[in-house]
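Biologist: I should like a close look at a single part of this model, namely the nonpolar core and the helix packing around it. Please set it out as one connected account.

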Amino acid sequence: KRSDATATVFGEEQEALVLDAWNAMKGDSASLALKFFLRIFEIAPGAKQMFPFLRDAGDAPLENHPKLKTHAVSVFVMACESATQLRNTGDVKVREAALKRLGASHVKAGVADAHFEVVKTALLDTIRDAVPDMWTPEMKAAWEEAYDQLAAAIKEEMKNAA
Ligand code: HEM
C-alpha cells in the first residue's frame, strides 16, 4: 500500500489544513487558476505544448482560456478529495475517486512523471502566495501528501492505459 511507504499520518488535522486553505482560496478561483498556470509555465515553458487549446491559440493571453480554469480547479478539488480519502481510509482509490479516465487522457496528452513534479511545485507556490497568513510547514506537508497520493493514483492508471 502506498500509504505504508510514508511516515506521514494523515488525520483530521491534515485534512483540515488542506480544506481550510481551499475554502479560503476558492472564492477567487479564476485568478488562482491563472497564477497556478503561469507558475507551471514559468517552471516548464514546454508544458504549454501539451494543452491542445493553448497550442492552437497562438499568443492569445492565458486568461482568455476557460479550460485553464477547469484544469486548475480540478487539481485543487481533487487534492481536497484525496485529503478526505486519506483521512478516512489511509489511501487514495482510483476507482472510488472515478479517476479511471484520467489515466487515458494524460497518456494521450503526453504527460510524464516530471510534469507531476512541476505541477506540484506550482500548486504549493500558488497556495503559499494565496494564503500567506495560513501557510505553515504542516500545511505544506498536508497538501504535498494529498497531491502525491493523488498523482500516484493517476500515474498508476496511466500505466494501465499506456
Ligand atoms: C486533462 C486533472 C495533472 C495536463 C485533465 C482533466 C482533468 C485533469 C480532470 C480533464 C480530462 C479528464 O477528465 O480525463 C488533473 C489532476 C492532476 C493533473 C487532478 C494532478 C493531480 C496534470 C499534469 C499535466 C496535466 C501534471 C501536465 C503538465 C493535462 C492535459 C489535459 C489534462 C494536457 C488535456 C487537456 C485538454 O485536452 O483539454 N487533467 N491533471 N495534468 N491534463 Fe491534467
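Modeller: The account below moves from the whole chain to the core, then to the helix pairs and to single residues.

This is a predicted model, in which local features need pLDDT of at least 70 and side-chain atom pairs count only at pLDDT 80 or more, while totals for chains, interfaces and linings use all residues. Residues are numbered from 1 along each chain as its sequence is written, and side-chain values use heavy atoms, with hydrogens and water left out.

The protein chain contains seven helices and zero strands, where helices (H or I, at least four residues) and strands (E, at least two) are DSSP runs numbered from the N terminus. Read from the N terminus, the order of elements is α-α-α-α-α-α-α. Of its 162 residues, 41% count as buried; buried means under 20% relative accessible area, exposed over 50%, and partly exposed in between, with a 1.4 Å probe and protein chains only. Among contacts in the chain with a separation of 6 or more, 78% join residues 24 or more positions apart, a contact being heavy atoms within 4.5 Å.

The largest nonpolar core has 49 residues, and those with the most contacts inside it are Met25, Phe36, Ile40, Phe76 and Trp143. Such a core is a set of buried Ala, Val, Leu, Ile, Met, Phe, Trp, Tyr and Cys residues joined through side-chain atoms within 4.5 Å. At least two residues of this core come from each of helix H1 (12-25), helix H2 (29-43), helix H4 (66-89), helix H6 (113-130) and helix H7 (137-161). H7 gives the most, with ten residues. In soluble globular proteins, nonpolar side chains tend to be buried together.

The helix pairs come next. Two packed helices are described by the angle between their axes and the distance between the axes. Here the axes are lines fitted to C-alpha atoms, for helices over the stretch in contact, and angles run from 0 to 180 degrees between N-to-C directions. Angles under 35 degrees count as roughly parallel, over 145 as roughly antiparallel, 65 to 115 as roughly perpendicular and the rest as oblique.

The axes of H1 and H4 come within 9 Å and cross at roughly 160 degrees, and the two helices are therefore roughly antiparallel to each other. Their crossing is left-handed; a crossing has that hand if the near helix is turned anticlockwise from the far one by less than a right angle, and is right-handed if clockwise. On the H1 side the contact is made by Glu12, Glu15, Val18, Leu19, Trp22 and Met25, and on the H4 side by Phe76, Val77, Ala79, Cys80, Ala83, Thr84 and Arg87. These residues divide into nine nonpolar, one polar and three charged. In this division Ala, Val, Leu, Ile, Met, Phe, Trp, Tyr, Cys and Pro count as nonpolar, Asp, Glu, Lys and Arg as charged, and the others, Gly among them, as polar.

H4 also packs against H2, at an angle of about 90 degrees and with the axes 9 Å apart. H2 and H4 are therefore roughly perpendicular to each other. In this contact Ser29, Ala30, Leu32, Ala33, Phe36 and Phe37 of H2 meet Leu68, Lys69, His71, Ala72, Val73, Val75 and Phe76 of H4. The residues divide into ten nonpolar, two polar and one charged.

The axes of helix H5 (residues 100-109) and H7 come within 7 Å and cross at roughly 70 degrees, which makes H5 roughly perpendicular to H7. The crossing is right-handed. Lys100, Leu102, Gly103, Ala104, His106 and Val107 of H5 make the contact with Ile154, Glu157, Met158 and Ala161 of H7. Six of the contact residues are nonpolar, two polar and two charged.

Several single residues complete the picture. Leaving aside residues up to four places away in sequence, Ile40 touches Ala47, Val118, Val119 and Ala122. Val118 belongs to helix H6 and is buried, with a relative accessible area of 15%. Beyond its neighbours within four places in sequence, Val118 is in contact with Ile40, Ile43 and Ala44. Ser82, in helix H4, counts as buried at 1% relative accessibility. Not counting residues up to four places away in sequence, Ser82 touches Val92, Ala146, Gln149 and Leu150. Ala152, in helix H7, is partly exposed, with a relative accessible area of 22%. The C-alpha atoms of Ala152 and Asp113, 39 residues apart along the chain, are separated by 9.5 Å.
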